[in-house]
Amino acid sequence: MPDIVLATLNAKYPHAAFGLRYLHANLGPLADRAVILEFDINQRPTDILEQILAQNPKIVGLGVYIWNAAQTTLVAADLKRLRPDVMLVLGGPEISYETDQQEIARYADYVITGEADLAFAELCERILAGRRPLQKVIAAELPEFEAAATKRRSDEPTKGEDGFPSVASSLNRFVALPYPLYTDHDLAHRVVYVEASRGCPFKCEFCLSSLDVPVRNVPLESFLGAMRSLLDRGLRQFKFVDRTFNLNLNVSKAILQFFLDRYTPGLFLHFEMIPDRLPEALRALIKQFPPGALQFEVGVQTFNEEVSARISRRQDNAKLEDNLRFLREETGVHVHADLIVGLPGETLDSFAAGFDRLVALRPQEIQVGILKRLRGTPIVRHDAEFGMVYSPHPPYEILQNRDLDFATIQRFRRFSRYWDLLANSGNFRDALPLVWRDASPFARFLDLSDALYESMGRNHGIALQDLAGFLFRHLTDRLGHDPASVAKAIWSDYLRTGRSDRPMFLRPYVADEPIPRRARDASASPRRQARHLA
Ligand code: SF4
């Protein structure tokens with residue numbers, strides 16, 4: 001039986017918990033006495049608890065995130081009710097800020113705030129040796145990766161007898177990489193996260209990463225060695241969680257070149273990037289990747305320069321546009337761009353202008369996110385002036401502000417969901433742009449979104465055929481397009497999704513059209529990306 005259970009509730013089963021693997025990899029001699037248990041937020045808290053307690057652990061470490069805070073609170077409460085003797089240790093970004101305001105903290109014996117890679121191991125060592133620290137909330141020292149820390153080995157500070165971490169620790173001083181802990185099952189069936197750096201040097205006030213300073217790079221040689229081993233074990237889809245992959249030109253070039261040299265069909269790399277920095281040397285490398293091999297998540301957030309300045313976001317919109325144009329016109333990169341609704345001072349009109357500007361740049365996906373008040377972020381300084389009202393429950397989304405009332409925010413919420421279903425999905429690549437031909441994409445899609453909600457009364461669980469039927473009626477009855485041309489566009493979209501039936505509403509127009517045998521999807525990109533490519 002393990003002494004230590006490391007557990008978390010992932011948002012979805014396929015998401016492999018990166019943080020837990022880091023904690024386990026850094027347990028040193030205690031690693032053999034620990035086990036990782038992963039759950040997802042759709043499981044019942046009592047069933048989760050049953051599995052944790054079946055291990056009869058001495059220490060339970062729970063990873064608390066914005067998506068699992070409510071369910072994890074229930075697990076923590078019942079754990080301490082049933083087994084008050086088990087040491088409950090909490091960590092993760094959600095519990096790292098405003099700790100004392102959270103109910104879950106009441107149930108914990110210890111809370112580690114910040115990056116707990118090394119601090120968790122040190123705490124476990126002390127608990128198991130019967131030398132429990134007195135303080136409940138432990139602020140983890142910023143851990144270092146080996147290369148950056150080597151020069152400090154000789155003059156590491158030593159802590160006092162009751163200090164933390166312990167002076168006699170047999171544990172690693174530097175962060176060990178967690179990649180060997182991904183199992184073959186993980187590599188074959190789950191989203192595998194990797195990181196070449198931590199932190200972000202920018203200060204966007206809504207973002208948790210703005211609190212992460214300084215930026216630290218994982219030593220390149222160790223990182224690429226780990227990537228080589230994952231490739232050798234058969235991994236083809238890598239999700240980089242670096243906040244600003246393209247911040248350090250030499251590092252980003254080396255990583256891209258590494259994967260380009262080892263490219264085989266099926267390789268897929270996801271990166272988050274800052275949108276206004278794509279120097280020529282990086283562009284030249286990006287161009288060499290085949291279509292569908294790279295996905296860039298580009299945080300645009302707002303085109304409104306006054307709003308950007310207000311929230312301390314530095315962004316050169318002209319460079320951003322130039323870079324997005326380059327990506328769409330000269331590369332095969334799948335671009336996922338983000339915009340945020342509800343920033344202080346962003347009105348419906350200014351958001352609409354930004355949305356239209358972004359649509360003109362043709363990213364394959366636009367995620368319209370609702371502003372969240374993440375714990376610890378300084379966006380709260382605008383609350384009074386801009387009448388910001390946030391939900392007190394995770395994910396703490398804005399309910400209304402001075403410029404957008406609750407009803408308007410709700411319309412945006414549906415807009416976002418329907419944009420995802422109709423546009424981001426790639427299911428209506430030919431037909432959807434007809435909605436805004438010669439008009440504002442935002443205005444036309446908002447009108448569609450309102451009508452779709454009125455017609456369906458929901459924004460989930462809508463069958464593809466029903467969406468197609470709605471789009472057909474919207475384009476013909478409401479917008480007056482020629483039914484035959486609309487039918488042709490929808491039919492082509494419908495077949496591309498791999499369907500082989502002929503929807504009733506299309507039959508008068510496509511009765512004689514052949515239904516091609518479904519070609520095997522030769523692309524190795526994830527399905528949504530493949531539909532945009534097809
Ligand atoms: S939004 Fe992006 S650039 Fe701004 S602080 Fe967060 S990670 Fe950094």
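This is a short walk through two sheets, a ligand shell and a few local details of the structure above.

Before anything else, please keep in mind that we are looking at a predicted model, and that residues are counted from 1 along the chain as its sequence is written.

Let me begin with the sheet that starts earlier in the numbering. It is an open sheet of six strands, ordered 2-1-3-4-5-6, and the pairing is parallel. The edge positions are taken by strand 2, residues 34-40, and by strand 6, residues 137-139, each of which pairs on one side only. Ignoring direction, neighbouring strands in this sheet are turned against each other by 20° on average. At the strand 6 end, strand 5, which covers residues 110-113, is joined to strand 6 in parallel through three bridges, and there Val111 stands opposite Val137 of strand 6.

Within this sheet I would also point to Asn10, which belongs to strand 1, residues 4-10. Is Asn10 buried or exposed? With a relative accessible area of 4%, Asn10 counts as buried, because the cut-off for that word is under 20%.

Asn10 also gives us a way across to the other sheet, since its C-alpha atom and that of Val192 are separated by 13 Å, with the two positions 182 residues apart along the chain.

Val192 takes us to strand 7, and strand 7 is part of a second open sheet of six strands, with the order 7-10-11-12-13-14 and again parallel pairing. Why do strand 7 and strand 14 each have one side without a neighbour in the sheet? Strand 7, residues 192-194, and strand 14, residues 365-370, stand at the edges and have a single partner strand each, so one side of each is left without a neighbour. From one strand to the next, the twist of this sheet averages 25°.

We can now follow the pairing inward from strand 7. Three bridges connect strand 7 to strand 10 in the parallel sense, and Val192 stands opposite Phe238 in strand 10. Strand 10 in turn pairs with strand 11, also in parallel and over three bridges, with Phe268 of strand 11 as the bridge partner of Gln237. Going one step further, strand 11, residues 268-273, and strand 12, residues 294-301, run parallel and are joined by five bridges, and here Glu272 has Glu297 of strand 12 as its bridge partner.

Strand 10 deserves a second look for its side chains. In this strand, residues 237-240, one face is covered and holds Phe238 and Phe240, whereas Gln237 and Lys239 make up the uncovered face. Phe240 also takes part in one of the 28 aromatic pairs that a search of the whole structure finds. Its partner is Phe245, and the pair is edge-to-face, with 6.0 Å from centre to centre and 65° between the planes. Both of these phenylalanines are buried.

Turning to rings and charges, there are two arginines I would like to show. The charged end of Arg198 sits over the ring of Tyr22, 4.6 Å from the ring centre, and Arg414 lies over the face of Tyr453, at 4.0 Å from the centre of that ring.

What surrounds the ligand? The residues around it are Cys200, Phe202, Cys204, Phe206, Cys207, Ser209, Ser210, Arg243 and Arg313. Sorted by class, this shell comprises five nonpolar, two polar and two charged residues.

Finally, a few backbone details that you may want to check for yourselves in the coordinates. The peptide bond from Pro394 to Pro395 is cis, with omega near 5°, and Pro395 is found in the loop between strand 15, residues 389-390, and strand 16, residues 398-400. Tyr396, placed in the loop between strand 15 and strand 16, has a positive phi of about 60° although it is not a glycine, and this tyrosine is buried, with a relative accessible area of 3%.

Another non-glycine residue with a positive phi is Asn56, where the angle is near 50°. Asn56 lies in the loop between helix 2, residues 45-53, and strand 3, residues 59-63. With a relative accessible area of 44%, Asn56 is partly exposed.

Note on methods
Predicted model: local features only at pLDDT ≥ 70, side-chain atom pairs only at ≥ 80, totals over all residues. Heavy atoms only, no water. Pairing = 2+ DSSP bridges. Helix = DSSP H or I, 4+ residues; strand = E, 2+ residues; numbered from the N terminus. Axes fitted to C-alpha atoms, helices over the stretch in contact; angles between N-to-C directions. Near = heavy atom within 4 Å. Nonpolar A, V, L, I, M, F, W, Y, C, P; charged D, E, K, R; others polar. Phe/Tyr/Trp six-rings, centres within 6.5 Å; stacked < 30°, edge-to-face > 60°. Buried < 20%, exposed > 50% of the residue type's maximum accessible area, 1.4 Å probe, protein only. Lys NZ or Arg CZ within 6 Å of the ring centre and 35° of its normal.
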